[in-house]
Protein chains: 2
Amino acid sequence: MSASGSDLTPLVRKLESIASLSVEERQAVESMPATVRLLDARQDIVRDKDQPAHCCLVLSGWTCRYKLLNQGKRQIFSFHVPGDLPDLQSLHLRVMDHSLATVTACRLAFIPHESMRELTIQFPGLGAALWRDTLVDAAIFREWMIGIGRKTAFGRIAHQFCEMYLKLEAVGLAAAHRCELPITQVDIGDALGLSNVHVNRVLMDMRSQGLITLRGRALVIEDWRALCAAGEFDPAYLHLEPGAS
Amino acid sequence: MSASGSDLTPLVRKLESIASLSVEERQAVESMPATVRLLDARQDIVRDKDQPAHCCLVLSGWTCRYKLLNQGKRQIFSFHVPGDLPDLQSLHLRVMDHSLATVTACRLAFIPHESMRELTIQFPGLGAALWRDTLVDAAIFREWMIGIGRKTAFGRIAHQFCEMYLKLEAVGLAAAHRCELPITQVDIGDALGLSNVHVNRVLMDMRSQGLITLRGRALVIEDWRALCAAGEFDPAYLHLEPGAS
DNA sequence: CGTCGTATTGAATGGGTTCAAGTAGCGTGG
DNA sequence: CCACGCTACTTGAACCCATTCAATACGACG
């Protein structure tokens with residue numbers, strides 16, 4: 001189905017969190033052609049080796065990027081929440097080198113590459129904002145590398161929870177150190193290079209230490225300071241604008 | 001010291017390997033102001049938390065990006081060779097979230113952010129090429145995440161050697177499966193999340209299997225196919241243009 | 001020719017995996 | 001309304017890849 005103007009509001013809000021938009025820029029963003037689709041949980045959106053002609057914008061739900069290895073192993077590279085453009089990179093890299101899938105049921109908007117490219121050329125400020133977004137993406141990859149390479153399982157998971165909370169808070173989907181966490185322990189393991197068994201043991205440990213409460217999909221960070229300390233979490237790498245609450 | 005026109009030739013060559021340049025674009029790149037500096041091995045170029053006003057272009061030598069953790073641990077994110085812009089991201093992320101240092105003695109050119117930004121606005125094609133470069137950067141991070149998270153030490157090192165060889169070959173610094181490898185076993189360990197002791201054992205193993213020869217700084221890949229297989233190496237993620245030999 | 005960084009080798013230890021089994025929660029349909 | 005079946009979660013025990021600690025060899029360079 002085709003998008004009405006208000007469908008791209010999450011994108012406008014996202015861009016405004018990166019740069020201040022002029023009236024023309026805002027209108028240009030909102031008037032981009034977009035197709036909205038609803039997907040169930042655990043569906044591929046774009047696959048490894050595809051050559052997509054659209055960018056995907058998450059309107060609601062969670063998505064993740066991943067790659068399958070031999071022997072059924074899977075590495076998750078990132079989780080994405082409403083307002084994110086999880087395959088923005090496909091704008092300038094023709095062939096996908098990984099897959100993008102839904103985690104929960106999602107409402108997604110698809111914007112033609114052509115429109116995005118015209119936008120970035122006509123409004124260099126918007127181009128810079130989008131470029132910046134992909135650079136923060138890369139910064140998060142680097143931080144994950146540190147976790148996977150150099151931290152204990154406990155530290156990795158603690159760090160992950162801190163990061164997820166701040167990302168959700170930044171788009172108004174979390175507050176008071178509470179948020180929804182619609183991913184399984186297998187997902188966490190696949191993201192952090194751990195077995196689901198060990199993820200479970202660490203979560204048990206965190207609970208028994210009173211750091212978190214996790215029942216179903218409800219995550220409560222009971223001791224933010226201690227969790228940050230355990231994960232050596234410093235949010236500088238997220239490059240969040242100061243004052244965004 | 002100030003740069004003469006020919007100093008930026010490596011950048012032109014790099015950009016031409018990404019996109020085809022018009023005469024005007026080529027001239028615009030070559031006429032950017034640049035300061036050339038010589039640095040010894042193991043010197044920081046830009047540090048974590050700095051707010052640089054220039055981009056660094058590697059003219060000769062190797063550099064690496066890294067971050068220090070507590071307890072003296074270090075994670076290396078990437079190695080960079082002539083033609084690379086290792087801190088291009090600082091163009092749109094004001095604060096450094098990691099450091100950049102020389103590995104060997106280097107000849108480096110520093111280009112003001114201001115000039116780079118003007119270039120990308122005046123020539124959107126060049127802007128896209130540079131953006132693309134940072135996207136490939138991110139793709140390499142993702143591939144390293146897979147290695148660190150999901151591969152054995154043997155596979156990780158094999159993959160790393162394959163990647164390094166192709167990167168060097170792409171800029172004419174390697175051929176016939178031979179290249180210079182001016183990094184220590186500690187560096188390899190810091191990049192792949194391994195101890196130097198274990199790196200050494202794996203290298204011994206690789207030699208005894210006849211996969212590589214490594215004497216001093218001279219790496220010879222004796223069995224390219226087998227090394228690729230061991231590292232599950234598929235160069236798609238490097239997004240090299242076909243036909244760039 | 002000594003010295004410092006790098007490489008090499010051995011032995012003990014440990015964090016995390018793997019295999020295996022059992023439990024809890026939840027949507028579906030009889 | 002409860003049985004069923006699926007998925008996610010939980011727990012135990014054995015194993016292993018890689019780390020750590022420690023000692024030794026090499027090799028470039030002043």
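The paragraphs below describe how the protein meets DNA strand D, and then turn to one helix of chain A. The structure is a predicted model, and each value given here is computed from that model.

Around DNA strand D there are 15 residues, of which A:Gln185, A:Asn200, A:Met204, B:Ala153 and B:Ser195 come nearest. Sorted by class, this surface holds 5 nonpolar, 7 polar and 3 charged residues. Helix 7 of chain A, which covers residues 196-208, and helix 7 of chain B, which covers 196-208 as well, each supply at least two residues of the surface, and the largest share, 5 residues, comes from helix 7 of chain A.

On the side of the DNA, 69% of the strand D atoms within 4 Å of the protein belong to sugar or phosphate, while the rest belong to bases. Individual contacts illustrate both kinds of partner. A polar side-chain atom of A:Gln185 lies 2.7 Å from a phosphate oxygen of DNA strand D, and a polar side-chain atom of B:Ser195 lies 2.8 Å from a phosphate oxygen of that strand. A base is reached by A:Arg201, where an N or O atom of the side chain is 2.9 Å from a base nitrogen of DNA strand D.

Helix 5 of chain A, residues 153-170, can be checked against its expected length: at 1.5 Å a residue its 18 residues should span 26 Å, and the end C-alpha atoms are 26 Å apart, which agrees. Because 15 of these 18 residues are buried, helix 5 of chain A is largely enclosed by the rest of the structure. The helix is followed by A:Gly172, whose phi is positive, near 75 degrees.

Terms used: Residues numbered from 1 in each chain as written. Chains lettered and ligands numbered in written order. Predicted model: local features only at pLDDT ≥ 70, side-chain atom pairs only at ≥ 80, totals over all residues. Heavy atoms only, no water. Near = heavy atom within 4 Å. Polar contact = N/O pair within 3.5 Å; in protein donor to acceptor, adjacent residues only side chain to side chain. Helix = DSSP H or I, 4+ residues; strand = E, 2+ residues; numbered from the N terminus. Nonpolar A, V, L, I, M, F, W, Y, C, P; charged D, E, K, R; others polar. Expected span 1.5 Å × (residues − 1). Buried < 20%, exposed > 50% of the residue type's maximum accessible area, 1.4 Å probe, protein only.
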